[in-house]
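Welcome! Let us read a protein model together, one feature at a time.

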Amino acid sequence: MPQLAEREPTQAQTAERLRADRNAARRNMGADMTDDEFDQAPDILANICKIAADKVRAARGDVPWRDRL
């Protein structure tokens with residue numbers, strides 16, 4: 001599977017992307033957050049995806065698994 005490995009970013013590329021994304025967020029939001037503060041922040045994208053999935057299930061009439069307990 002060397003082809004798959006070649007498509008995946010290296011650890012250094014991932015770290016550089018994270019640094020660039022955080023710097024862009026700092027510039028665009030006007031927030032001077034430290035890397036530690038970013039690490040402690042909630043995963044907003046994951047929360048949005050969960051909410052969207054719950055809405056799709058509700059529209060289909062599916063009951064979310066946590067409501068079955």
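The dialogue below goes from the overall fold to pairs of charged side chains.

Q: What kind of model is this, and how many helices and strands does the protein chain have?

A: This is a predicted model. The protein chain has four helices and zero strands, and from the N terminus the order of elements reads α-α-α-α.

Q: What share of the protein chain is buried?

A: A residue counts as buried when its relative accessible area is under 20%. Here, buried residues account for 7% of the 69 residues in the protein chain. The accessible surface of the chain is about 6,300 Å², and carbon and sulfur atoms contribute 56% of that surface.

Q: How can I read the span of helix 2, and what follows that helix?

A: Compare the distance between its end C-alpha atoms with the expected value. Helix 2 covers residues 11–29, which is 19 residues. From first C-alpha to last it reaches 27 Å, close to the 27 Å expected at 1.5 Å a residue. Right after helix 2 comes Gly 30, which has a positive phi, near 70°.

Q: Why can charged side chains pair, and how many salt bridges are counted here?

A: Side chains that carry opposite charge can pair when their charged atoms come close. The cut-off used for a salt bridge is a nitrogen-to-oxygen distance within 4 Å. With that rule, the count is seven salt bridges.

Q: Which partner does Glu 16 have, and how are the two placed in helix 2?

A: Glu 16 pairs with Arg 19, and their closest N and O atoms are 2.6 Å apart. The two are three residues apart in helix 2, so about one helical turn separates them. Glu 16 is partly exposed at 38% relative accessible area, and Arg 19 is partly exposed at 44%.

Q: Which residue forms a salt bridge with Asp 21?

A: That is Arg 17, with the closest N and O atoms 3.4 Å apart. Both residues lie in helix 2, four residues apart, about one turn of the helix. Asp 21 is partly exposed, at 40% relative accessibility, whereas Arg 17 is exposed, at 57%.

Q: In the salt bridge of Lys 50 and Asp 54, is Asp 54 buried or exposed?

A: Asp 54 is buried, with a relative accessible area of 14%, while Lys 50 is partly exposed at 43%. Their side chains meet at 3.5 Å, N to O. Both sit in helix 4 (residues 44–60), four residues apart, about one turn of the helix.

Q: Which residues are joined into one network by salt bridges that share partners?

A: Arg 22, Arg 26, Asp 35 and Asp 39 form that network.

How values were computed: Residues numbered from 1 in each chain as written. Predicted model: local features only at pLDDT ≥ 70, side-chain atom pairs only at ≥ 80, totals over all residues. Heavy atoms only, no water. Buried < 20%, exposed > 50% of the residue type's maximum accessible area, 1.4 Å probe, protein only. Areas by Shrake-Rupley, 256 points an atom, 1.4 Å probe, with all protein chains shown as cover. Expected span 1.5 Å × (residues − 1).
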